[in-house]
Structure formats: C-alpha cells, structure tokens
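The following paragraphs walk through a structure from its overall layout to its loops. Keep the sequence and the coordinates at hand while reading.

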Amino acid sequence: MHSPSVDTIDTRTPEERLRALGIELPPAAPAVGDYAPTLITGNLLFMSGQLPWIAGDLKFKGKMGAELNVEQGYQAFRLSALNAIAQLKAALGSLDRVKQIVRLEGTMGCAPGFKDQPKVLDGASHIVNQVFGPRGRHTRMVYSNNEMPMDSPTLVVLTAEIMPRDRATRFSAALWS
C-alpha cells in the first residue's frame, strides 16, 4: 500500500502512465441524481462524488472496520479514484489538460472505533499520484460518516486546475523540455 515518489521527473502523459500500469479507465458514471458529474468554472474543474463502481454496480459495500478491512478499503478508494479520473477524462477529452490535481476529498463509511482513515484514503492518493506524476500531488481531506449513499464504503471528489484545449499539448512538451 505504498506509492512510489511522484517528485521525480517523468515525461510520460497520464494516459501513458495508465497504460504502463495496465489500467483501462471505466466509462464515466452517469449522475445518480439531479446534478452534474463535473463543472468547469474558469480554470478549475469541480467534481461530484465518485463511488467504487464497475459497470453500474458497487464493487464494495459496507463500513470500514466492520464489513471491510483496511486493504479492502484501500482498494475501494482506489476504484473510486479511478472513476474520478474517468470523469476528468470525459469532461476534458484528455487527461493532459490537467495542470494540477489541487484537492482530493475522500468520504468513507466507518464502524465505531475505526481510526485508520489516512491509510485507507491512500488508495485514492496513490493512484492519482501514479497517474498524474508531479501534477497529481494534491492536498486532501478525509471525512468519516456512519452512513453512506447506497451502502458505499467510499466516495472520492477531485478538484483540478485545468488548461484550455489548445494549451495542453504545448504545456506537456514545455514542461518536460
């Protein structure tokens, strides 16, 4: 459950990193209520909460410290973050438009007495850092709830600083030159 350092120079794009990790992003999940999955204002992309979906079904259910242990929670947060990355790609067309992941917020359903929230949320942080390299380094906040929507154990929200479409390719080339 440890992520390699993201502080080293890596010239690969986020899509190249995903391929190197053997990951194919799932389709972006549709909204389950009356809201937008993402919203762009100025140079910021805000995201609604992303659950650990696979093809419309929750892969994980229950609470940390009851039905799920730390490793299962880590994997649930990893999947929620991959769904968040899929939302970024759907909204932007290319992950290369992400200039910086500014914030990662994780909410988890916890049984009384569960205290390993930072370890579990690392499942989301590690995959975001692996996919975006130095541009994935983020601030984060973790929230614990006693009840979660649809009995989901995890929910991830990303906020990203983005570039206009015409600057993304030039930015990547200049960043690593």
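Helices and strands are DSSP runs numbered from the N terminus, where a helix has at least four residues and a strand at least two. With that numbering, Pro112 is found in the loop between β5 and α3, a place to which the text returns below. The model is a predicted one.

The protein contains 4 helices and 7 strands. Along the sequence these elements follow the pattern α-β-β-β-β-α-β-α-β-β-α. Of the 177 residues in the protein, 47% are buried. The exposed area of the protein is about 8,700 Å², and carbon and sulfur atoms supply 53% of that area. Among contacts between residues at least 6 apart in sequence, 82% join residues at least 24 apart.

The sheet is a convenient place to begin. An open sheet of 5 strands has the order β1-β2-β7-β5-β6, and its pairing is mixed. β1 and β6 are the edge strands, each pairing on one side only. From one strand to the next, the twist averages 15 degrees.

Take the β1 side of the sheet. Strand β1 covers residues 38-41 and runs antiparallel to β2, with 4 bridges joining the two. Thr41 stands opposite Leu44 in β2. The hairpin of β1 and β2 has 2 residues between the strands, and Gly42 takes a positive phi near 60 degrees there.

On the β6 side, the pairing has another sense. β5 and strand β6 (residues 139-145) pair in the parallel sense over 7 bridges. Two bridge partners can be located in this pair: Glu105 is matched with Met141 in β6, and Met108 is matched with Ser144 in β6. How do β5, α3 and β6 combine? They make a right-handed β-α-β unit.

Two helices can now be placed against the strands. α2 lies across β1, β2, β5 and β7, and its direction is at about 40 degrees to β7. α3 lies across β5, β6 and β7, running at about 155 degrees to β5.

Next comes the packing of side chains. In soluble globular proteins, nonpolar side chains tend to be buried together. The largest nonpolar core here has 37 residues, and the members that touch the most other members are Ile85, Leu88, Ile101, Val128, Phe132 and Leu158. The elements that each supply at least two residues of this core are β2 (44-47), α2 (70-92), β5 (98-109), α3 (117-132) and β7 (154-162). Which element gives the largest share of this core? That element is α2, with 11 residues. A second core, separate from the largest one, has 7 residues and includes Ala29, Trp53, Met148 and Val157.

Phe132 can serve as an example of the contacts around one core residue. Leaving aside residues up to four places away in sequence, Phe132 touches Pro14, Arg17, Ile85, Leu88, Leu95, Val98 and Ile101.

The loops remain. In the loop between β5 and α3, Pro112 is joined by Gly113. Are these residues buried or exposed? Since exposed means over 50% relative accessible area, Pro112 counts as exposed because its value is 84%, and Gly113 counts as exposed because its value is 59%. Both can also be related to Gly65. Pro112 and Gly65 are 47 residues apart in sequence, with 7.8 Å between their C-alpha atoms. Gly113 and Gly65 are 48 residues apart along the chain, and their C-alpha atoms are separated by 7.7 Å.

The loop between β6 and β7 holds Met150 and Asp151. Most residues other than glycine have a negative phi. Met150, although not a glycine, has a positive phi of about 55 degrees. Asp151 is likewise a residue other than glycine with a positive phi, near 65 degrees. Partly exposed is the class between under 20% and over 50% relative accessible area. Met150 falls in this class because its relative accessibility is 43%, and Asp151 does so because its relative accessible area is 38%.

How values were computed: Residues are numbered from 1 along each chain as its sequence is written. This is a predicted model: local features need pLDDT of at least 70, side-chain atom pairs count only at pLDDT 80 or more; totals for chains, interfaces and linings use all residues. Side-chain values use heavy atoms; hydrogens and water are left out. A nonpolar core is a set of buried Ala, Val, Leu, Ile, Met, Phe, Trp, Tyr and Cys residues joined through side-chain atoms within 4.5 Å. Buried means under 20% relative accessible area, exposed over 50%, partly exposed in between (1.4 Å probe, protein chains only). Contact means heavy atoms within 4.5 Å. Two strands pair if DSSP finds at least two bridges between them. A crossover is right-handed if, with the strands pointing away from the viewer, the path from the first strand over the helix to the second runs clockwise. Accessible areas come from the Shrake-Rupley method with a 1.4 Å probe; for residues, only the protein chains shown count as cover. Axes are lines fitted to C-alpha atoms, for helices over the stretch in contact, and angles run from 0 to 180 degrees between N-to-C directions.
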